[in-house]
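Work through the two exercises below with the sequence and the structure at hand, and try each task before reading its solution.

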Amino acid sequence: MNWLLFLAASFSAATAQIIGYATENGGTTGGEGGTTTTVSAAAAFQTAVKTEKPIVVYLAAPITLSSQATVASDTTIIGVGTDGVINGGGLKISEKSNIIVQNLVINKVKGNDGITIQKSTNIWIDHNEFYSDLDHGVDYYDGQVDITHACDWITVSWNYFHDHYKSSLVGADPDNSGEDSGKFHITYHHNYWRNVHTRTPAMRYAHGHLFNNYYQDLVSQGIHSRSKAQVLVEGNVFSNSTEPLTTYGFVIPDDSPNSGPDGDFEDDGFANLGAVNDFGTGKTNITQTGDFTSVDYDYQLTTLADVKSTVVAGAGVGKV
């Protein structure tokens, strides 16, 4: 295992350093070396991010989208300060590679995801904020970051997810093993989840490394490894969270109400615990452990006592 225990005191601000699976398979550089543009209007933003050449797009003002903006390969999208806000719409990354999304606020995407990633590789989702509200039904909004259909080599880091039902799903269907098995190498680290019901994340057929995330007020369920997913869970902290971690294949109605009022069943997943986690008063349910106990990349663990303060101070926008 290539991990180093981070023994220094907690730091007040996060650094925008890519860590995790997005560093593999040749790495993730986005639009580095390409053209740079700054936009402040929805139409200009949509045009810029679908440019089929390396580009860095700065969003300098709030915009409203009625649908998802399509993002091309070799693109970096960065919000300026705290003004890079996308209302009502999100981003779609499909059959693309080498994309960085950083410092955006994406909110209240009705009937779709904040970011949808499908059939894509080498994606870094970093220092963003995602929220909706809990005033509507479970399916009024979809996911905040959903990753499906054989994606690979992805890092989700330093994001602030809050006030939402279903946060982040990896793997769209329990019957999609033919496409998904052996894919979904995904790292989630130093993310802050607050007042979310489920899927932080929920994973199918994945290899998910989850470290140093802070979870507060998870209403129903946190990390759910199901449909033979394997997760390595270490150095995470949970506060006032009902079920921090489960590998039991039962999908609760709060996760997927369309399955019926009594929920649905999938195959169990697997979970291994690396460095010590703090699950608080919540109950975990690990039915099987599997063989995913280490990763190939180097990373540093924030000391457990400093995870809460480090993540709350560093996650979200305006921190890079």
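**Exercise 1: a sheet and a helix**

Strands β2 and β3 (residues 55-59) pair in the parallel sense over 5 bridges, where strands are DSSP runs of E with at least two residues, numbered from the N terminus, and pairing asks for at least two DSSP bridges. The model is a predicted one, in which local features need pLDDT of at least 70, side-chain atom pairs count only at pLDDT 80 or more, and totals for chains, interfaces and linings use all residues. Residues are numbered from 1 along each chain as its sequence is written, and side-chain values use heavy atoms, with hydrogens and water left out.

Task: Place β2 and β3 in their open sheet and find the edge strands.

Solution: Begin with the bridge partners T38 and Y58, the latter in β3. Next, follow the order β2-β3-β6-β9-β12-β15-β18-β21-β24-β29, which takes in 10 strands with parallel pairing. The edges are then β2 (35-39) and β29 (270-273), each of which pairs on one side only.

**Exercise 2: an aromatic pair**

Task: Which kind of aromatic pair do Y160 and Y192 form, and which strands hold them?

Solution: Rings of Phe, Tyr and Trp (its six-membered ring) pair if their centres lie within 6.5 Å, and planes under 30 degrees apart count as stacked, over 60 as edge-to-face and the rest as tilted. For Y160 and Y192 the centres are 4.8 Å apart and the planes 15 degrees, a stacked pair. Y160 lies in strand β16 (residues 160-166) and Y192 in strand β19 (residues 192-198), so the pair ties together parts 32 residues apart in sequence.

Note on methods:
Helices (H or I, at least four residues) and strands (E, at least two) are DSSP runs, numbered from the N terminus.
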